[in-house]
Amino acid sequence: MKKIISFVIVTVMLLAGIAFFAFKLSSGTTEASAEVLHYDGTTAGNSLLDVRIPAGVKNVRLLHTAYISYFNTKHRIPNCIIYELTATQVAQCDAPGAEKRKNYQFNADPMCSASPQWSDYKHSGYDRGHMAPANDMKWSKTSMEESFYMTNICPQLHALNDGCWRKLELAIHRWAKRDKRLIIAAGPVLKNVMHTIGPDRNISVPAAFYKVVYAPNQGRAIGFIFNNEKITGGYASHAVSVDYVERVTGIDFFCALDDALENKIEAHSSIEMWK
């Protein structure tokens, strides 16, 4: 009888050990998958996407798969959209099997009760201007769908949206392929008094927009500011330092960086470093 009891105890311990080993193996697989997902664009845990919005400015942080929207619930447009774009994602965006823009439409952001509806821009005279462009989001169905959330959108004049703004978007797309990895921020320059659109006249129309680009591997950054109008000439003449964009907007970009490195990269505005 004692032999039988001993046998049962040993068997139970053996099975418990096998179960524990299987659990550890499973946990390791999950962690490895999480790393791959982060590389492919998951925003969670990417400290380079952290920005500081000025105190007193209405803001909610909406964490999406490929970008973060720092959304202004008063003006009902983003304070800042920021995302990472890698050479791998660019290759996926440019591949024949990439998601097609025509298959997607604008929708309210289900994460945000203050999100406009797509119809709020109808007959306003303004485009629904992407801050994180759909062309950078074609690498997955989820990222593409989320890029059409209205919390990624601002009222833009068509002459800007389809002109100099788009040319800069295409240039940044090429730069990401060349530099392997970029952090890109975009948004409106907000003022106390702005023109409004929408059925309730509660969506603010920015007078200007900014873009900020940081190449971590190369240690350089640059900013751009465009008035919300038809731009004559190219985007190069609108290049400014990141410091200048911060002064105009009050937003602190790349705040997770070491102060010395942040100060160094944010002081330059030479477009020649990017050509």
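Begin by selecting strand β3, residues 77-86: 10 of its 10 residues are buried, so the strand is largely enclosed by the rest of the structure. Here "buried" means under 20% relative accessible area, while exposed means over 50% and partly exposed lies in between, with a 1.4 Å probe and protein chains only. Helices (H or I, at least four residues) and strands (E, at least two) are DSSP runs, numbered from the N terminus.

Before going further, keep in mind that this is a predicted model, in which local features need pLDDT of at least 70 and side-chain atom pairs count only at pLDDT 80 or more, whereas totals for chains, interfaces and linings use all residues. Residues are numbered from 1 along each chain as its sequence is written, and side-chain values use heavy atoms, with hydrogens and water left out.

**The whole chain**

Now show the entire protein, whose secondary structure comes to 7 helices and 11 strands, and in which 48% of the 275 residues count as buried. If you colour by pLDDT, the predictor's confidence in each residue from 0 to 100, the average is 88, and 85% of the residues score at least 70. Select residues 1-41, where pLDDT stays under 50 and the model has 12 contacts beyond four places in sequence; a contact means heavy atoms within 4.5 Å. Where pLDDT is low, the predicted coordinates should not be read in detail.

**The sheet around β3**

Next, select the open sheet of 7 strands, which has the order β1-β2-β3-β6-β9-β10-β11 with antiparallel pairing. Two strands pair if DSSP finds at least two bridges between them. The edge strands are β1 (60-63) and β11 (239-240), each of which pairs on one side only.

Return to β3 and add strand β2, residues 67-72: the two pair in the antiparallel sense over 6 bridges, and F71 has P78 in β3 as its bridge partner. Then add strand β6, residues 181-189, which runs antiparallel to β3 and is joined to it by 6 bridges, with L85 standing opposite L182 in β6.

**The turn and its neighbour A114**

Between β2 and β3, which form a hairpin, there are 4 residues, and the one to select is R76, found in the loop between these strands. R76 is buried, with a relative accessible area of 13%, and its phi is near 60°, a positive value in a residue other than glycine. Most residues other than glycine have a negative phi, and most peptide bonds are trans. For a further example, select K180 in the loop between α5 and β6, where phi is near 80°, again a positive value in a residue other than glycine.

Which residues does A114 touch, not counting those up to four places away in sequence? Select A114, in the loop between α2 (87-94) and β4 (127-130), and you will find that it touches F71, T73 and R76. A114 is buried, with a relative accessible area of 16%.

**The nonpolar core**

A nonpolar core is a set of buried Ala, Val, Leu, Ile, Met, Phe, Trp, Tyr and Cys residues joined through side-chain atoms within 4.5 Å. In the largest one, which has 48 residues, select W175, L182, F224, F226, Y235, I271 and W274, since these touch the most other members. The largest share of this core, 7 residues, comes from α5. Centre the view on L182, whose contacts more than four places away in sequence include Y83, L85, W175, V213 and W274. Apart from this core lies another, of 25 residues, among them I53, V189, V242 and I265.

**Aromatic rings**

Finally, show the rings, among which the structure holds 11 aromatic pairs. Rings of Phe, Tyr and Trp (its six-membered ring) pair if their centres lie within 6.5 Å, and planes under 30 degrees apart count as stacked, over 60 as edge-to-face and the rest as tilted. F224 and F226 form a stacked pair, 6.5 Å centre to centre with 5° between the planes. F224 is buried, with a relative accessible area of 0%, and F226 is buried with a value of 0% as well.

Widen the selection to W165, W175, F209, F224, F226, Y235 and W274, which form one aromatic cluster. As a last stop, add R220, whose charged end sits over the ring of W274, 4.4 Å from its centre; this description applies if NZ of Lys or CZ of Arg is within 6 Å of the ring centre and within 35 degrees of the ring normal.
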